Amino acid sequence: MTFQALGLIAPIQSTLDTLGYKQPTPVQKQAIPAVLAGRDLMAAAQTGTGKTAGFALPILQRLTMDGVTGPRAVRCLVLVPTRELAEQVYESFRSYGGNLPLKSAVAYGGVPIEPQITKLRKGLDVLVATPGRLIDLLDQGAISFAMLQTLVLDEADRMLDLGFERDLDILLAALPKQRQTLLFSATFSDEIRKLAGGMLRDPVSIQVSASNTATKTVKQWLIPTDKRRKPELLLHLLKKLKWGQVLVFVKTRKGVETLVKTLQEQGISADSIHGDKTQPARLRALARFKNAEVQLLVATDVAARGLDIEALPQVVNFDMPTVAEDYIHRIGRTGRAGMEGEAVSLVCADEVEILKAIETLTRQVILRIEEPGFEADHRVPETGPKGVAAALAKKAAAEAPAKKKRPFTGPAGGKAAAAAGKPAVTARPAGGDASLGTWAPPPPSGKPAGGARSAGGKAATGRIYGGAKPAAAPKGAVVVTGGRGAKSLARTAGKATAKPGGRKTGPR
Ligand code: AMP
């Protein structure tokens, strides 16, 4: 199927040609005609599926064909949970709308509000915003929703995870009832269904695939080890497997900084991205990584949703996440748009419960490979049905020799590796069949092999939290820090309200 067959106009098609998009992805095939027809949408699609173009392309087309904006007005509002995602979605709108006479902007907290107010003055066709800053703009009378045609809620599950429920209530009350609403979420928990029930009218339902799409295209394996050995193990793997650029996930902001320091002390170029950093600093770190000026980018989960880095082959879970679904988002940073990708988790004894939750959610048992010299003193119990891990390892060994993988040359032609005097990666663990989930064997040296999946665990329903700290994730609690400003937090705590006087929606 072509984009033309979906009814997209010539200027958009020519942009897609320039971008090299040859065929619509499954979510695009379903979403584009529905949005063009003016329908509401409830889409279970996670990042990496092409969902952004799935809503941006038909929205841009409708906005082009139908009217112009007015002072302070916004015709399409895209709400996202994090600043990084806001930037990414905004960039997508700019890129997809490159040939169209439309104005778009992005607004999030942590940066001065005045430039955002200035941009709004003449009106916008598309505004991508985080909820807290949008409420501030509303309070200041800087924005009018009188002309709003379409609302998109992107990564709605993340929005609730981050505690934006109250902010969403305030915003939804300020929006015109007559509008098109598109809701995207990686999963559909009861909370999301409740939210959808209150805002969607006869929606077209899209289920691209189960919530484990990324887990099928990304080869995964884990190394059991002790917590204290993890920094050393990471350094060892970097050298042994000749990794190029790696995105490393660490649970806490402090942990991120400690690891970056350790890496830098060992002469490895690394930068960090987490919620304590200012937005310009985060963007700078991301740009340096994208330009291959640093080899390692160490991040907390808050960064995971918004990072779109082309051709990123390697993700390392230095710490396992707190919430199982974050694993899917983390590994979704690699293996994007059909590329090969690989995710390695360093798992210590007290992370076994979250590992089980991840395996249940993704319906797989992650291949477990001991790294000689780094075996855990504190045993990491086997997960999955009895004997599955051993059977996987045996199967992997029986299927030798490993398939060769395309060497990684990095986003900027392997500059980082070259700068570090390293060859392009050739010795990473062998990958499985990219067609999803067949295990490839480990090389005879005992090096880990890329992974596959096996049956195990039951179908996941709703949100699954790691059992390690069950009390840390009660219903509706904020389990991942970052993404929200002080005012937004205060609103949730009932200590602040959006100024009712500021929420005028009529044109002025
Ligand atoms: P998303 O799921 O929206 O985060 O998109 C994931 C990646 O896929 C982005 O880098 C897009 O540029 C890319 N992409 C989206 N649609 C297509 C397509 N039809 N063909 C090729 N790449 C695409």
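The following is a conversation about how the terms used for this predicted model are earned.

Reader: What should I know about the model before we start?

Author: This is a predicted model, in which local features need pLDDT of at least 70, side-chain atom pairs count only at pLDDT 80 or more, and totals for chains, interfaces and linings use all residues. Residues are numbered from 1 along each chain as its sequence is written, and side-chain values use heavy atoms, with hydrogens and water left out.

Reader: How many helices and strands does the protein have, and what makes a stretch count as one?

Author: There are 19 helices and 14 strands. Both are DSSP runs numbered from the N terminus: helices are H or I with at least four residues, and strands are E with at least two.

Reader: Why is Leu 175 called buried?

Author: Buried means under 20% relative accessible area, while exposed means over 50% and partly exposed lies in between (1.4 Å probe, protein chains only). Leu 175 has a relative accessible area of 4%, so it is buried. This residue sits in the loop between helix 8 (165–174) and strand 6. Across the protein, buried residues make up 57% of the 508 residues.

Reader: Which residues does Leu 175 touch, and what makes a contact?

Author: Contact means heavy atoms within 4.5 Å. Leaving aside residues up to four places away in sequence, Leu 175 touches Leu 77, Phe 145, Leu 148 and Leu 151. Its C-alpha atom is also separated by 7.8 Å from that of Ala 146, 29 residues apart along the chain. For the protein, 77% of the contacts with a separation of 6 or more come from residues 24 or more positions apart.

Reader: Why is strand 4 described as largely enclosed?

Author: Strand 4 covers residues 124–129, and 6 of its 6 residues are buried, so it is largely enclosed by the rest of the structure.

Reader: How do you know that strand 4 pairs with strand 2 and with strand 3?

Author: Two strands pair if DSSP finds at least two bridges between them. Strand 2 (residues 74–79) runs parallel to strand 4 over 5 bridges, and strand 3 (residues 104–107) pairs with strand 4, also in the parallel sense, over 4 bridges. Ala 129 in strand 4 has Leu 79 opposite, and Ala 107 stands opposite Ala 129 too.

Reader: What makes the crossover from strand 3 to strand 4 right-handed?

Author: The chain leaves strand 3, passes through helix 5 (residues 114–121) and arrives at strand 4, and this β-α-β crossover is right-handed. The term applies if, with the strands pointing away from the viewer, the path from the first strand over the helix to the second runs clockwise.

Reader: What makes strand 3 and strand 7 edge strands?

Author: They belong to an open sheet of 7 strands in the order 3-4-2-5-6-1-7, with parallel pairing. Strand 3 and strand 7 (204–207) each pair on one side only, and they are the edge strands. From one strand to the next, the twist averages 15°. Strand 1, by contrast, pairs with strand 7 over 4 bridges and is joined to strand 6 by 4 bridges. Its Ala 43 has Ile 206 as bridge partner in strand 7 and Phe 184 opposite in strand 6.

Reader: Which way do the side chains of strand 1 point?

Author: Leu 41 and Ala 43 point one way, Met 42 and Ala 44 the other way, and all are buried. In a regular strand the side chains alternate between the two faces of the sheet.

Reader: How do you know that helix 4 spans what is expected, and is it buried or exposed?

Author: The expected span is 1.5 Å times one less than the number of residues. Helix 4 (residues 83–96) has 14 residues and reaches 20 Å from its first C-alpha to its last, close to the 20 Å expected. Of those 14 residues, 11 are buried, so helix 4 is largely enclosed by the rest of the structure. Among them are Leu 85, Val 89 and Phe 93.

Reader: Where is the second sheet's edge?

Author: Another open sheet has 7 strands in the order 10-11-9-12-13-8-14, again with parallel pairing. Its edge strands are strand 10 (270–273) and strand 14 (367–368), each pairing on one side only. Within that sheet, strand 9 (residues 246–249) and strand 12 (residues 314–317) pair over 4 bridges, with Val 248 opposite Val 316.

Terms used: Axes are lines fitted to C-alpha atoms, for helices over the stretch in contact, and angles run from 0 to 180 degrees between N-to-C directions.
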